[in-house]
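Here are a few notes to read with the structure open beside you. They go from the domains of one chain to the pair of chains, and end with a small sheet.

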Protein chains: 2
Amino acid sequence: MKKRLFTPGPTPIPETVMLKMAEPIIHHRNPEFNEVTTRVNKNLKYLFQTEQPVITLTCSGTGGVESTFVSLFSPGDKVISCNGGKFGERWVKMPKVYGLNVVEIKIEWGKAPTEEQILSALKANPDAKAVYLTHSETSTGAATDVKALAKIIRENSNALVCVDGITAVGAHEMRFDEWGIDVCVTGSQKGLMIPPGLAFVALSKRAVAAIETSKMPRFYLDLKRALKSYQDNDTPWTPAVSLVIGVDAALQKIVDEGIENVWSRHKRLAGAIRAGVSSIGLKLFSEFPSFAVTPVWVPEGVEWKSFNKILKGKYGITIAGGQDDFTGKIFRISHLGYYDELDMIMMIGALELTLKESGYKFDLGAGVKGLLQALAAK
Amino acid sequence: MKKRLFTPGPTPIPETVMLKMAEPIIHHRNPEFNEVTTRVNKNLKYLFQTEQPVITLTCSGTGGVESTFVSLFSPGDKVISCNGGKFGERWVKMPKVYGLNVVEIKIEWGKAPTEEQILSALKANPDAKAVYLTHSETSTGAATDVKALAKIIRENSNALVCVDGITAVGAHEMRFDEWGIDVCVTGSQKGLMIPPGLAFVALSKRAVAAIETSKMPRFYLDLKRALKSYQDNDTPWTPAVSLVIGVDAALQKIVDEGIENVWSRHKRLAGAIRAGVSSIGLKLFSEFPSFAVTPVWVPEGVEWKSFNKILKGKYGITIAGGQDDFTGKIFRISHLGYYDELDMIMMIGALELTLKESGYKFDLGAGVKGLLQALAAK
């Protein structure tokens, strides 16, 4: 059986990238590898639309976000953190561990922080050093309007605008410099289409300045050390060489397609999936659905586990279930990374067949029809 | 030109392992991956010769060692750290960052800590919570007699025996349980023959108990969280999936060869390389040479940079140079991981040709002859 992955990380890896990573390994302190990192560092700037440094760390996205908490602040510093899902929750817990004074903006799952919520938090906490936003909350598929909120934060405070872009970068428009973002983190197994193991951290001039004055114990995830090595396109510790080689090949694909085209492809595929599921009466979970992942309520009368068993066991398709309180209640279809229109047709087709076998009553074929009409409308 | 890597990490990756890692990626929270991690966790126990947990972390070896400092101790705790090279030095610096009280045993580069040094440090510091030893110091190629020192530490203190086994595991005998080791860390790009990006941490019952009482801020590198997920062969954060799949294949090779055979192969190859370089009058740098890497003085009259340019540019061989004070003065030939006798013949042959072209006077062929005689003597 052919197996197909529709999960929001790991995402499918282009065959050419897999084969590139399978070439004999090279040493990281050698000119051949320096050529790779030089190109990677240049193309990461293009990905984030920045002239500022984008640091590569060997860790998961969680480690990437941690590097910002331990490298930019000092114990006792106040940060505002938006929590609208499993990852937002993590960005509340994590800074507390490091003695930061965390102001939590709690958001209902499936929703995004509003301008009013941010403004009121800033007003109540004029000493906040940063606001952490989750661009696309993987657990809920809710997208945050980072551009608008960054503007509000910039106009009303000196707080750094810190973005968890882990499942957003590559799917959602991200203009790091133009929007005045200070920190943006992503992971390798998301829009970058390679296996997990690397995190990328873009840093504004203000963020770099904050790193200079931060007093927080750190070593492996120290961005100050990383920035120093970055000057020579190097890393302080041994990097995940094969993954860096993979990201080089993947970034080249993004450069070739053009970042605006990559963003609009994600928007188009997300819209098509939404049209597909809506056409068969399924309900979307999120108020502001992400372009990376579409969360859908499991329809009444359908049991998630047996539904998923058919989808996976009979059709070879892996999607993501709900998390925490929404386990068994929602499922999440990812269209982040290496996907095209035809993948979406296949996905909705398999979903329809699986729903039919699960006893859900609907007009078989209506989903794919709705999806095709959405695609044709563009 | 064929390119050949003789560096102490990354080390060459078996072709079958490279191809395994190039297969379509799977999701980490799925039964297929759980089968992989279950097998990896079982075979890691075999590698370390332990019945205790061996945790897999997505980071370099440095991150692996850091996980032990931040997870086993509390600020103010005293640890004894042996520093006989670039990595030993790091294990002195790193715990200081986290507020540990570090007693440094300084060792001349190329030498290893003696029983007397350890005993006297333990006597002067009866409150030491741990002693950190570097099994094979990569920068100097010096091996520490971990078995003997662990016995001394166990008999004379309650200090935990913590071993940086980053370049040693797979090359040097390691009997974690039998020798009474409490912590042993290794990296993926060493004896495990896969690309960098994973660290492995074996933990004794005493180490696990220390983790229970440790009060140190930590999140990504938290071994307590990792141990909890380990019960289900899972990880708290997204692991480097493709590397874990690689390590599964690599561990199977080690199981098939037999760990005692892997150790004796490394001992045999190291002895052969030493015989080879000695036969042409080169001098060894280390008093107790490691079985992972052999450091050799650059002979008088030979200029390292132009020598290395020939070796690399004409023969495609990458070796490691000296570090810090020994840059340009020594070079290091690795035989750690996926090497056999014939690789050693090739290495010494290329070394001889390069030395000849670099103006060094010797009997061309004597090196390979010495190496063959050493191999035949076994």
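1. Start inside chain A, and keep in mind that this is a predicted model. Taken over C-alpha atoms, the centres of domain 1 of chain A and domain 2 of chain A are 28 Å apart. As for where the bounds fall, domain 1 of chain A is made of two pieces, 4-8 and 258-377, while domain 2 of chain A covers 16-257.

2. Now look at where these two domains touch. On each side the count is 25: that many residues of domain 1 of chain A are in contact with 25 residues of domain 2 of chain A. On the domain 1 side, α10 (259-279) and β11 (293-297) of chain A each give at least two residues. The largest share there, five residues, belongs to α10(A).

3. What sort of residues are they? By class, the side of domain 1 of chain A that touches domain 2 of chain A has 14 nonpolar residues, eight polar ones and three charged ones.

4. Next, zoom out to both chains. Turn chain A by 180 degrees, with 0.0 Å of shift along the axis, and chain A superposes on chain B with an RMSD of 0.0 Å. The two copies are thus related as by a two-fold rotation axis.

5. How many residues of chain A are in contact with chain B? There are 40, and they meet 41 residues of chain B. The elements of chain A that give two or more residues to this side are α1 (15-21), α3 (61-72), α4 (86-97) and α9 (241-257). Sorted by class, the chain A side has 24 nonpolar, 14 polar and two charged residues.

6. Do check which surface each copy uses. Of the interface residues of chain A, 100% are also interface residues in chain B, so the copies meet through the same surface.

7. Last, a small sheet in chain B. It is open, has three strands in the order β11-β14-β13, and its pairing is antiparallel. β11 (293-297) and β13 (320-321) of chain B are the edge strands, each with a single partner strand, so one side of each has no neighbour in the sheet.

8. If you want to follow one pairing by eye, take β11(B) and β14 (residues 330-334) of chain B: they run antiparallel and are joined by five bridges. As a spot to begin, find V296(B), whose bridge partner in β14(B) is F331(B). In general, strands of a sheet pair through backbone hydrogen bonds, either parallel or antiparallel.

Conventions
Residues numbered from 1 in each chain as written. Chains lettered and ligands numbered in written order. Predicted model: local features only at pLDDT ≥ 70, side-chain atom pairs only at ≥ 80, totals over all residues. Least-squares fit on C-alpha atoms with pLDDT ≥ 70 in both. Contact = placed C-beta atoms within 7 Å. Helix = DSSP H or I, 4+ residues; strand = E, 2+ residues; numbered from the N terminus. Nonpolar A, V, L, I, M, F, W, Y, C, P; charged D, E, K, R; others polar. Domains from an automatic or database assignment. Pairing = 2+ DSSP bridges.
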